Amino acid sequence: MKGRGSGVIKQILKDHFSGFWEMHDSLFPAAYRGHIKETVEKTIKCGTRDMGYARYECLGCEGNPAPKFVCFTCKSRFCHGCGKKYTDEWSDKQQDMIFNVPHRHMVFTLPKELRNVFYHDRKKLNELSKQVAEVFQYHNYQRSKKRGLRSGIITVIHTFGRDLKFNPHIHALVTEGALDNKNEWVSSGGYIPYDYLRKSWQKVVLDLIKKWFPGNQQMSELVNELYQRYPKGFYVNAEKRITNAKGVARYIGRYLARPAIAEYRIENYDGERVHYWYEDHKSGKRIDKKVSVFRFIFEVLQHIPPKHFRMVGRYGLYSRRSYRKATQALSLHAFMRTRQIAFVLESKRRKKSYRQRMIDSFEEDPFECPHCKREMDLVGIWHSDYGWIYHYMQETETYKKWREYGLV
């Protein structure tokens, strides 16, 4: 029996993915199957010598310590270890680029009747993200047609709910205010009414459905039915207000590369069934689920995004075209408001190396020789796809003979 926080998902995949895939690969859209299979296989090998490694030795040391192997990782957002590392680094980076103004966190949802459309074509979710930005841009236009108000919008696509069902929705972080065409900051003044958000979101989604399926009678009837079934529009949650840039970066990072289920929520895996739990959104109560291992694998794998899928969208003031000018204007605005030049000149954070992360986490230098205490030498790099990329003896005659006989 294997419980929470112990690499249990990787173990489940090691034990059952091959058999599951042979029997049930047809459950996934044909265009994504190759990438899903490749992603899972890399995740299983992540952190092992099968992926590749860098080898360190303390050459000439009298203590003759054992070599140190630093195994390569899969870099997949599906992997719990790599996904968390990616999220942490992304969140740190965002603290340098998010405007230091209040933001509102919103969640734009889709009715269950439309979810299957996005299950079979995930790239449609990218077009949906653009429509989230259109909702705010149109609202700004209605507020003042002359001032050309522009908000900053960051969207993150999510496909799973707490119960692991396919439930595509879009998280949006929106500035509570906008820049006008004179680069003056304009407060939102009470923010956007719920009625407008819900009904405008419903309209842009259903307009896209009509655009994607022209002449499809069944879809046309569904669109009309959804207008009648949801007279108040599609559900939008807009309650979370965040007042500082660091808080915004941390909050949005939670929704970027988070695996579909955290391992601490898996209570037990006995080789045949998986017991996990989640907290119900409405009641706040804990719900326990016990499912077959194949069912659990399907629930997790269905959320692997297509290769090169764009999870994050930046629009308005956060778009590439507008960001630099908006940064200058908002930096000046912050300086005039607070008289703190540190906001304008805040230094950028550097990405931490593997060595520094290990020192920070375990207070131990992974490359320090346990005998003589000096830094160990990099003697070789081997990659699963390319073989030996580097070896410290590669220029010597001995090494050339090794290569000739296929020893390296």
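Select Arg-55 and Gly-380 to begin: Gly-380, in S13, is the bridge partner of Arg-55. The model on screen is predicted. Now widen the selection to strand S1, residues 52-57, and to S13; six bridges join the two, and they run antiparallel.

**The four-stranded sheet**

Add S2 and S14 to the view. The four strands form an open sheet in the order S2-S1-S13-S14, with antiparallel pairing. Its edge strands are S2 (68-71) and S14 (387-391), each of which pairs on one side only. Averaged over the sheet and with direction ignored, neighbouring strands are turned by 20° against each other.

Go next to the pairing of S1 with S2, which is antiparallel and spans four bridges. Select Tyr-53 and look across to S2, where Cys-71 stands opposite. Then move to the other edge. S13, residues 377-383, pairs with S14 over four bridges, again in the antiparallel sense. Here the residues to select are Ile-381 and, opposite in S14, Tyr-390. With the backbone shown, keep in mind that strands of a sheet pair through backbone hydrogen bonds.

**Cysteines without a bond**

Select the sulfur atoms of Cys-58, Cys-61 and Cys-369. The structure holds zero disulfides. For Cys-61, the nearest cysteine sulfur is that of Cys-369, 3.8 Å away. The sulfur of Cys-369 has its closest cysteine sulfur in Cys-58, and that distance is 3.6 Å, too far for a bond; the cut-off for a disulfide is 2.5 Å. Colour by accessibility and Cys-61 counts as buried, at 14% relative accessibility. Cys-369 also counts as buried, at 0%.

**A loop before S13**

From Cys-369, step along the chain to Lys-373, in the loop between helix H11 (354-362) and S13. Lys-373 is not a glycine, yet its phi is positive, at about 70°. Most residues other than glycine have a negative phi. At 52% relative accessibility, Lys-373 counts as exposed.

A second residue of this kind is His-308, whose phi is near 65°, a positive value in a residue other than glycine. To find it, select the loop between helix H9 (293-301) and strand S12 (312-316). His-308 is exposed, with a relative accessible area of 75%.

**The second largest pocket**

Turn to the second largest pocket, which has a volume of about 1,600 Å³. To centre the view, select Gly-161, Arg-162, Asn-167, His-169 and His-281; of the 42 lining residues, these are the closest to the centre of the pocket.

Which strands each supply at least two residues of the lining? Select S3 (103-109), S4 (152-160), S5 (166-175), S8 (236-242) and S10 (273-279). S5 gives the most, with four residues. Colour the lining by residue class and it divides into 17 nonpolar, eleven polar and 14 charged residues.

**Val-236 and His-169**

Keep His-169 selected and add Val-236, which is found in strand S8. The two residues are 67 apart in sequence, while their C-alpha atoms are 9.8 Å apart in space. Is Val-236 buried or exposed? At 1% relative accessibility, Val-236 counts as buried.

Methods. Residues are numbered from 1 along each chain as its sequence is written. This is a predicted model: local features need pLDDT of at least 70, side-chain atom pairs count only at pLDDT 80 or more; totals for chains, interfaces and linings use all residues. Side-chain values use heavy atoms; hydrogens and water are left out. On a 1 Å grid over the protein atoms alone, a cavity is a set of points where a 1.4 Å probe fits but cannot get out, and a pocket is an open set with protein on both sides within 12 Å along at least five of seven lines; lining residues have an atom within 4 Å of a point. Grid points are joined across faces, edges and corners, and a volume is the space filled by probe spheres set on the points. Ala, Val, Leu, Ile, Met, Phe, Trp, Tyr, Cys and Pro count as nonpolar, Asp, Glu, Lys and Arg as charged, and the others, Gly among them, as polar. Two strands pair if DSSP finds at least two bridges between them. Axes are lines fitted to C-alpha atoms, for helices over the stretch in contact, and angles run from 0 to 180 degrees between N-to-C directions. Buried means under 20% relative accessible area, exposed over 50%, partly exposed in between (1.4 Å probe, protein chains only).
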